[in-house]
Amino acid sequence: MPSPTPGAGRPARAAPRPEPSGWEGALPGLALCTAAAAASSVLHRAVPSVSALLIAIVLGVLLANVVRLPAAVRPGLAVSAKRLLRLGVVLLGLQLLLSDVIGLGAGMLVVVVVIVVGGIAATLLVGRLLGVSPAQRLLIACGFSICGAAAVAAVDGVVDAEEEDVVTAVALVVVFGTLMIPLVPLSAAALGLPEQVGGLWAGGAIHEVAQVVAAGGAMGTGALAAAVVVKLARVLMLAPVLAVVSWRLRRRTGGGRRPPLVPLFVVGFLTMVVLRSSGLVPEAVLGLAEAAQVGLLSAAMFALGCGVRISALRTVGARPVLLALVSTIVVAGLALGGILLVA
């Protein structure tokens, strides 16, 4: 009689279910990021002077350090930190009107370039002298000189910095930018600056768009309008700065995979600027695009925050803080000096 086959009579074991891949696998993490972005928006409305991006990254850091995030959300967090980030930067271009920027005049446009280029160069130099890591000093330099957290996130999209460096740079942008909200109007009053000149200074010196609006509004309607236009001119400098950063990375990269000379999302950003300036985009669409841009960047910052451990942030030390202070002083000084020359 033949011997029974091993395992005969046992129920067949079901084949293992394949893990979800692509966008399907990213859904849990994306859902978490969406919820965090919505919560950040609500909290920002309650405290308008605090950027929704900062709130989102703080939520991410707190959540990741209070609970253990399941592995199922990791693919979605990765997608949010990269792809959603770049989409948000592209939509940021719809906030810019070339006619408003050109309306500042040649002299003020030169001042804007000096603020951005001089601020970045000085911050990088001082950061090197202080021993701050190259990636972190670049993030701080661009965040303080261009447009705050959005610039930090955009540069990270090119250089792929450590999450701790990104979080530190964003936190410093918000802390020092918030301090500038009362300091610039008080200093402008002490110096006897006219309302519009004070607004130009706020737009040239303060880091975040929301912080510029708060400071400009405190000085008057005329100051607010001037501040916002100058700030948007600084935002426009994001594209050439990222192109230069990418070019330098290409030079440093040997025969391996080299980044594109101009990242695709930067091309998209410039395309949105041109589209907005053409006047073809309806106001209703612009409102939706602005909300989407804030939501995408908030989701991306939350995802970055989820990759940070507070224990690692304790090793940051005083050097990045000192660098942030120096960068703030340099940017504010360049802005004030240039504006007094041309105004």
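# Cysteines, helices and a nonpolar core

Biologist: Which cysteine sulfur is closest to the sulfur of C147?

Modeller: The separation is 9.2 Å, which is too far for a bond. Do keep in mind that this is a predicted model. C147 is also buried, with 4% relative accessibility. The closest cysteine sulfur to that of C147 belongs to C142.

Biologist: Thanks! And how far is the sulfur of C33 from the closest cysteine sulfur?

Modeller: C33 is buried, at a relative accessible area of 1%. The closest cysteine sulfur is in C306, and it too lies too far away for a bond. The distance from the sulfur of C33 is 6.4 Å.

Biologist: How many disulfides does the count come to?

Modeller: A disulfide is a covalent bond between the sulfur atoms of two cysteines. To be counted, a pair of cysteine sulfur atoms has to lie within 2.5 Å. C33 fails that test because its closest partner sulfur, in C306, is 6.4 Å away, and C147 fails with 9.2 Å to C142. For the count of disulfides, the result is zero.

Biologist: Let's look at the whole chain. What share of the residues of the protein chain count as buried?

Modeller: The secondary structure consists of 16 helices and zero strands. Taking contacts between residues at least 6 apart in sequence, 80% join residues at least 24 apart. Of the 343 residues in the chain, the share that counts as buried is 46%.

Biologist: Which residues have the most contacts inside the largest nonpolar core?

Modeller: In soluble globular proteins, nonpolar side chains tend to be buried together. Here the largest nonpolar core has 107 residues. Leaving out residues up to four places away in sequence, one of its members, I146, touches V116, I120, A151, H207, K231, R234, V235, L238 and V241. The residues with the most contacts inside this core are I146 and W201.

Biologist: How are helix 9 and helix 10 oriented to each other, roughly parallel or roughly antiparallel?

Modeller: The axes of helix 9 (residues 195–205) and helix 10 (residues 209–219) come within 9 Å. They cross at roughly 170 degrees, and angles over 145 count as roughly antiparallel. Helix 9 and helix 10 are therefore roughly antiparallel.

Biologist: Which residues in helix 10 meet helix 9?

Modeller: On the helix 9 side, the contact is made by E195, G198, G199, A202 and G203. By class, the contact of helix 9 with helix 10 has four nonpolar, three polar and one charged residues. The residues in helix 10 that meet helix 9 are V212, A215 and M219.

Biologist: How many residues of helix 7 are buried?

Modeller: Helix 7 spans residues 149–159 and is mostly covered. Its buried residues include A149, V152, D156 and G157. Helix 7 is followed by D160, with a positive phi near 55 degrees. Of the 11 residues in helix 7, the number buried is 10.

Biologist: How far apart are the C-alpha atoms of L297 and S80?

Modeller: L297 sits in helix 14 (residues 283–306) and is buried, at 1% relative accessibility. Not counting residues up to four places away in sequence, it touches L53, L85, G88, V89 and A150. L297 and S80 are 217 residues apart along the chain. Their C-alpha atoms are separated by 8.8 Å.

Biologist: Which residues is M108 in contact with, leaving aside its neighbours within four places in sequence?

Modeller: M108 is part of helix 5 (residues 106–130), and its relative accessibility of 5% makes it buried. The C-alpha atoms of M108 and V230 are separated by 8.3 Å, with their positions 122 residues apart along the chain. With those neighbours set aside, M108 is in contact with V230, I339 and V342.

Biologist: One last residue: does L186 count as buried or exposed?

Modeller: L186 is in helix 8 (residues 163–191). Exposed means over 50% relative accessible area, and L186 has 61% relative accessibility. L186 therefore counts as exposed.

Methods
Residues are numbered from 1 along each chain as its sequence is written. This is a predicted model: local features need pLDDT of at least 70, side-chain atom pairs count only at pLDDT 80 or more; totals for chains, interfaces and linings use all residues. Side-chain values use heavy atoms; hydrogens and water are left out. Axes are lines fitted to C-alpha atoms, for helices over the stretch in contact, and angles run from 0 to 180 degrees between N-to-C directions. Helices (H or I, at least four residues) and strands (E, at least two) are DSSP runs, numbered from the N terminus. Angles under 35 degrees count as roughly parallel, over 145 as roughly antiparallel, 65 to 115 as roughly perpendicular and the rest as oblique. Contact means heavy atoms within 4.5 Å. Ala, Val, Leu, Ile, Met, Phe, Trp, Tyr, Cys and Pro count as nonpolar, Asp, Glu, Lys and Arg as charged, and the others, Gly among them, as polar. Buried means under 20% relative accessible area, exposed over 50%, partly exposed in between (1.4 Å probe, protein chains only). A nonpolar core is a set of buried Ala, Val, Leu, Ile, Met, Phe, Trp, Tyr and Cys residues joined through side-chain atoms within 4.5 Å.
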